[in-house]
Amino acid sequence: MKHIARKRFGQHFLVDGGIIEGIVAGIAPQPDDHMVEIGPGLGAITHPLLQHLKHLTVVELDRDLVTRLRANPQLTVIDQDVLRVDFRSLANSGLRIVGNLPYNISTPILFHLLDAVDVVKDQHFMLQKEVIDRMVAAPGTAAYGRLSVMLQWRYDMENFLHVPPTSFDPPPRVDSAMVRMVPKAAPPVVDFDRFSAMVQVAFSQRRKLLRHTLGVWLSTQGYAGDFDLRRRAEEVPVAAYIDLLQALPPVRP
């Protein structure tokens with residue numbers, strides 16, 4: 001029986017053989033990899049990956065698909081909401097994460113995975129092209145924003161494959177792409193919650209100069225430095241945001 005895509009899971013099944021080959025080639029799986037696939041669906045990427053891997057762990061919430069997946073002895077199936085999965089527990093190091101992420105919760109998934117980034121070797125995800133454009137955007141561009149800053153602090157990223165709507169069944173209404181995310185070997189040490197709060201405030205009203213948004217927040221933090229607040233949030237490079245965070249006075253107990 002044909003599986004019908006479910007809107008509540010954001011399901012769009014990849015069916016383009018050429019695109020699938022390009023994805024697997026970009027991932028370059030090796031037999032002993034500790035790899036996890038998020039949202040395997042009907043196995044369009046899963047089965048080609050298993051031609052190279054000894055074993056694969058998959059995360060799938062759709063119960064009908066879980067039943068199919070469990071019939072394959074090469075798979076360990078985690079039937080759980082991906083936002084509740086403890087990825088750190090799946091490997092001590094060298095974890096490789098891949099997947100066609102549900103577009104409706106792609107950003108929460110990316111932030112959730114930051115919790116385990118220190119045990120991750122790399123990540124390869126299919127996402128809405130617009131989201132990847134924001135992830136890899138340079139300062140001074142319209143796409144540069146909170147997502148750009150928060151992820152570029154921790155990863156080197158590249159868009160390596162365009163995926164048109166016709167590659168899926170049913171076709172989504174947007175173009176997709178594949179992104180490669182490699183954790184930085186020695187990222188700056190930051191207070192993540194404080195960093196996240198600062199960046200969120202900075203981009204809360206991106207048309208305004210930072211003195212109207214970030215400037216107010218900095219005063220509540222006791223900052224008395226000379227950070228240039230005559231810019232808009234999108235004009236500030238990632239490194240400058242990190243330097244600003246590290247120049248803040250310690251949080252009072």
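In what order do the seven strands of the open sheet stand, and what kind of pairing do they have? That is where I would like to begin, with the reminder that what we are looking at is a predicted model. The order is S4-S3-S2-S5-S6-S9-S7, and the pairing in this open sheet is mixed. The edges are formed by strand S4, residues 75-78, and strand S7, residues 155-163, each of which pairs on one side only. If we ignore direction, neighbouring strands of this sheet are turned against each other by 20° on average.

Let me start from the S4 side. Strand S3, residues 56-59, runs parallel to S4, and the two are joined by four bridges; within S4, the residue standing opposite Thr-57 is Thr-76.

Moving along the sheet, we come to strand S5, residues 95-100, where six of the six residues are buried, so the strand is largely enclosed by the rest of the structure. Both of its faces are covered, with Leu-95, Ile-97 and Gly-99 buried on one side, and Arg-96, Val-98 and Asn-100 buried on the other. On one flank, S5 pairs with strand S2, residues 34-38, in the parallel sense over five bridges, and here Ile-38 has Gly-99 of S5 as its bridge partner. S5 also pairs with strand S6, residues 120-128, again in the parallel sense and over six bridges. For this second pairing I can give two positions in S6: His-124 is the bridge partner of Val-98, while Gln-123 stands opposite Ile-97. S6 is itself mostly covered, given that eight of its nine residues are buried.

What, then, lies on this sheet? Helix H1 lies across S2, S5, S6, S7 and strand S9, the last being residues 176-183, and H1 runs at about 160° to S7. Helix H5, residues 129-136, packs on the sheet as well, touching S6, S7 and S9, and its direction makes about 135° with that of S6.

One residue of H1 deserves a closer look, and that is Ile-27, which has its place in this helix, residues 17-27. Is Ile-27 buried or exposed? Its relative accessibility is 2%, and because the cut-off for buried is under 20%, Ile-27 counts as buried. Leaving aside residues up to four places away in sequence, Ile-27 touches Met-35, Leu-49, Arg-96, Val-98 and His-124. Two of these names have come up together already, since Val-98 and His-124 are bridge partners between S5 and S6. As for a separation across the model, the C-alpha atoms of Ile-27 and Leu-147, which are 120 residues apart along the chain, are separated by 23 Å.

I will finish with a pair of helices. Two packed helices are described by the angle between their axes and by the distance between those axes. For helix H7, residues 192-202, and helix H9, residues 238-247, the packing angle is about 125° and the axes are 11 Å apart. The two helices are therefore oblique to each other, and their crossing is right-handed. Which residues make up this contact? From H7 we have Arg-194, Phe-195, Met-198 and Ala-202, and these meet Tyr-241, Ile-242, Leu-244 and Leu-245 in H9. By class, the residues of the contact divide into seven nonpolar, no polar and one charged.

Terms used. Residues numbered from 1 in each chain as written. Predicted model: local features only at pLDDT ≥ 70, side-chain atom pairs only at ≥ 80, totals over all residues. Heavy atoms only, no water. Axes fitted to C-alpha atoms, helices over the stretch in contact; angles between N-to-C directions. Parallel < 35°, antiparallel > 145°, perpendicular 65-115°, else oblique. Left-handed = near helix turned anticlockwise from the far one by under 90°. Contact = heavy atoms within 4.5 Å. Nonpolar A, V, L, I, M, F, W, Y, C, P; charged D, E, K, R; others polar. Buried < 20%, exposed > 50% of the residue type's maximum accessible area, 1.4 Å probe, protein only. Pairing = 2+ DSSP bridges.
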